[in-house]
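This note is meant to be read with the structure open beside it. Each numbered point takes up one topic, and the reader is invited to locate the named residues while reading.

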Amino acid sequence: MNIPSINPTPAGVAGNSAAPFNYGVCPCHAAVQRSRDLVATQRASTIATIDRTAAAIVCSKDIAWAGPASEEFRSRLDEFRSKAALLADDMEATHRLVWGSA
């Protein structure tokens, strides 16, 4: 009679051990941290750019200029300021999602 042997330590998902709660070896935690780090880096860079853009817009208000071109220029700057504020809000929402505090 041929009885197959029983493997006392079956392979888990992707060849990991079958201990489902051994979080110390799960590669997902490292991947999550890399993603969080990437989002944090991009967030910091984007916020710095938004801050520099806002400062430039404020400085441009002092330009002595009148006429249709100046009105278009200022209108576009107002549009940029509005979009930059939305981007900053989106970056904060993304940050909260990545860190699980949304």
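Is Trp65 buried, partly exposed or exposed? Trp65 has a relative accessible area of 42%, so this residue counts as partly exposed. The points below place that residue in its setting; please keep in mind throughout that the model is a predicted one.

1. Overall architecture. The protein contains two helices and zero strands. Of its 102 residues, 9% are buried. If one takes the contacts between residues at least 6 apart in sequence, 50% of them join residues at least 24 apart.

2. Helix H1. This helix runs over residues 27–60 and comprises 34 residues. From its first C-alpha to its last it reaches 50 Å, which is close to the 50 Å expected at 1.5 Å a residue. Its buried residues are Thr46, Ile50, Ile57 and Ser60. Helix H2 (68–98) is included in what covers them.

3. Helix H2. The second helix has 31 residues, and its span of 45 Å from first to last C-alpha is close to the 45 Å expected at 1.5 Å a residue. The residues buried here are Ser70, Leu77, Ala84, Ala88 and Met91. H1 is part of what covers these buried residues, just as H2 is part of what covers those of H1. After H2 comes Gly100, which has a positive phi, near 75°.

4. Ser60 as an example of a buried residue. Ser60 belongs to helix H1. Its relative accessible area is 8%, and therefore Ser60 is classed as buried. What does Ser60 contact, leaving aside its neighbours within four places in sequence? The contacts are with Phe73, Arg74 and Leu77. One of these, Leu77, is itself among the buried residues of H2.

5. Aromatic rings. A pair of aromatic rings is described by the distance of the centres and the angle of the planes. The count for this structure comes to one aromatic pair. Trp65 and Phe73 form that pair, with 5.4 Å from centre to centre and 50° between the planes, an arrangement classed as tilted. Phe73, which is also a contact of Ser60, has a relative accessibility of 29% and so counts as partly exposed. Another ring, that of Trp99, has Arg36 lying over its face, at 4.3 Å from the ring centre.

6. A salt bridge between the helices. Side chains of opposite charge can pair when their charged atoms come close. In the whole structure, five salt bridges are found. In one of them, Glu92 pairs with Arg43, and the closest N and O atoms are 3.0 Å apart. This pair links distant parts of the chain, since Glu92 is in helix H2 and Arg43 in helix H1, 49 residues apart. Glu92 is partly exposed at a relative accessible area of 27%, and Arg43 is also partly exposed, at 22%.

7. Salt bridges along H2. Arg76 and Glu72 form a salt bridge with an N to O distance of 2.9 Å. Why are these two separated by about one helical turn? The reason is that Arg76 and Glu72 stand four residues apart in helix H2. Glu72 counts as partly exposed, because its relative accessibility is 40%. Glu79 and Lys83 form a further salt bridge, with the closest N and O atoms 3.4 Å apart. Glu79 and Lys83 are likewise four residues apart in helix H2, so about one helical turn lies between them. Glu79 is partly exposed, with a relative accessible area of 41%.

8. A network of charges. Lys61, Asp78 and Arg81 are joined in a network of salt bridges. It is worth finding these three residues in the model and following how they are linked.

9. Cysteines. A disulfide is a covalent bond between the sulfur atoms of two cysteines. How many disulfides does a search of the whole structure find? The search finds zero. Cys28 has 47% relative accessibility and thus counts as partly exposed. Cys59, at 55%, is classed as exposed, because the limit for that class is over 50%.

Conventions. Residues are numbered from 1 along each chain as its sequence is written. This is a predicted model: local features need pLDDT of at least 70, side-chain atom pairs count only at pLDDT 80 or more; totals for chains, interfaces and linings use all residues. Side-chain values use heavy atoms; hydrogens and water are left out. The expected span of a helix is 1.5 Å times one less than its number of residues. Buried means under 20% relative accessible area, exposed over 50%, partly exposed in between (1.4 Å probe, protein chains only). Contact means heavy atoms within 4.5 Å. A disulfide is a pair of cysteine sulfur atoms within 2.5 Å. A salt bridge is a side-chain nitrogen of Lys or Arg within 4 Å of a carboxyl oxygen of Asp or Glu. Rings of Phe, Tyr and Trp (its six-membered ring) pair if their centres lie within 6.5 Å; planes under 30 degrees apart count as stacked, over 60 as edge-to-face and the rest as tilted. A charge sits over a ring if NZ of Lys or CZ of Arg is within 6 Å of the ring centre and within 35 degrees of the ring normal.
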